[in-house]
Amino acid sequence: MANGNNVRDRLGVSATTGGTDNPVFVILNGLLGSAWRACAQHQSHIALIEAWGLQGLADTMRIRTVDEPVTIRALLNRLVDLGGTPAFTIGVPTIGVTVREILDNDMGLQRHTRPKFNAAAEAAGAEHDATTRNLIEQILADEEQHLSWLDTEIDLYETLGESLYCASRLQAGKASAA
């Protein structure tokens, strides 16, 4: 199908499909690469924040990202159920070296991810694959919540300044998962 290249262009992915040009395989492989990158970046950030003693922030971030392995498994299962083969590329995570860089890098990742998931849902719908579209829309809803949380955290960081923000995120239970 020539449509596979169009899907790749809209999603900004360079996934191969193992000899077939099924657009849904391209969609799922592209999303898998993005999900693995996000998981690696978030886990690295959690480890750094925890090492800096900001247990409250680390715990909240862990709560916000606990679904990432579930998302990866759901995307893989859908790809395999459709007869596809995992053939995705994982982008390089952008790891921050300060709390502000971590928040900014995660925000950048989320802002980059949202249009990819929207385009993927539209492309799956165009391929008349409602199940894949529904799966992507469920993932997107969670991504939107994560984006909102990051926006709030960055606003708090700006309002409080680094010292007060970090002090408010030292202990477990101090940072909310809202």
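**View 1. Two cysteines in a predicted model.** Cys39 counts as buried, at 12% relative accessibility. Cys166 also counts as buried, at 14% relative accessibility. The structure shown is a predicted model. A disulfide is a pair of cysteine sulfur atoms within 2.5 Å. By this rule, the count comes to 0 disulfides.

**View 2. The whole protein, an assembly of helices.** The secondary structure comes to 6 helices and 0 strands. From the N terminus on, the elements run α-α-α-α-α-α. Of the 178 residues, 44% count as buried. The accessible surface comes to about 8500 Å². Carbon and sulfur atoms hold 54% of that surface. Contacts between residues at least 6 apart in sequence often span further: 72% of them join residues at least 24 apart.

**View 3. Helix H4 against helix H6.** H4 covers residues 68–81, and H6 covers residues 130–168. The two helices pack at an angle of about 170°. Their axes are 11 Å apart. Angles over 145 degrees count as roughly antiparallel, and H4 and H6 are therefore roughly antiparallel to each other. From H4, the contact is made by Thr71, Ala74, Leu75 and Arg78. From H6, Thr131, Thr132, Leu135 and Ile139 take part. By class, this contact of H4 with H6 has 4 nonpolar, 3 polar and 1 charged residues. An α-helix has 3.6 residues a turn, so residues three or four places apart point the same way.

**View 4. Helix H3 and its cover.** H3 spans residues 55–65. Its buried residues are Gly56, Leu57, Ala58, Thr60, Met61, Arg64 and Thr65. Arg64 is thus listed among the buried residues of H3, as are Thr60 and Thr65. What covers the buried residues of H3 includes helix H2 (23–51). H4, H5 and H6 also belong to that cover.

**View 5. His128 in the loop between H5 and H6.** Helix H5 (99–126) comes before this loop, and H6 comes after it. Is His128 buried or exposed? His128 is exposed, because its relative accessible area is 74%, and exposed means over 50%. Val24 lies 104 residues from His128 in sequence. In space, His128 and Val24 are 9.8 Å apart, C-alpha to C-alpha.

Notes:
Residues numbered from 1 in each chain as written. Predicted model: local features only at pLDDT ≥ 70, side-chain atom pairs only at ≥ 80, totals over all residues. Heavy atoms only, no water. Axes fitted to C-alpha atoms, helices over the stretch in contact; angles between N-to-C directions. Helix = DSSP H or I, 4+ residues; strand = E, 2+ residues; numbered from the N terminus. Parallel < 35°, antiparallel > 145°, perpendicular 65-115°, else oblique. Contact = heavy atoms within 4.5 Å. Nonpolar A, V, L, I, M, F, W, Y, C, P; charged D, E, K, R; others polar. Buried < 20%, exposed > 50% of the residue type's maximum accessible area, 1.4 Å probe, protein only. Areas by Shrake-Rupley, 256 points an atom, 1.4 Å probe, with all protein chains shown as cover.
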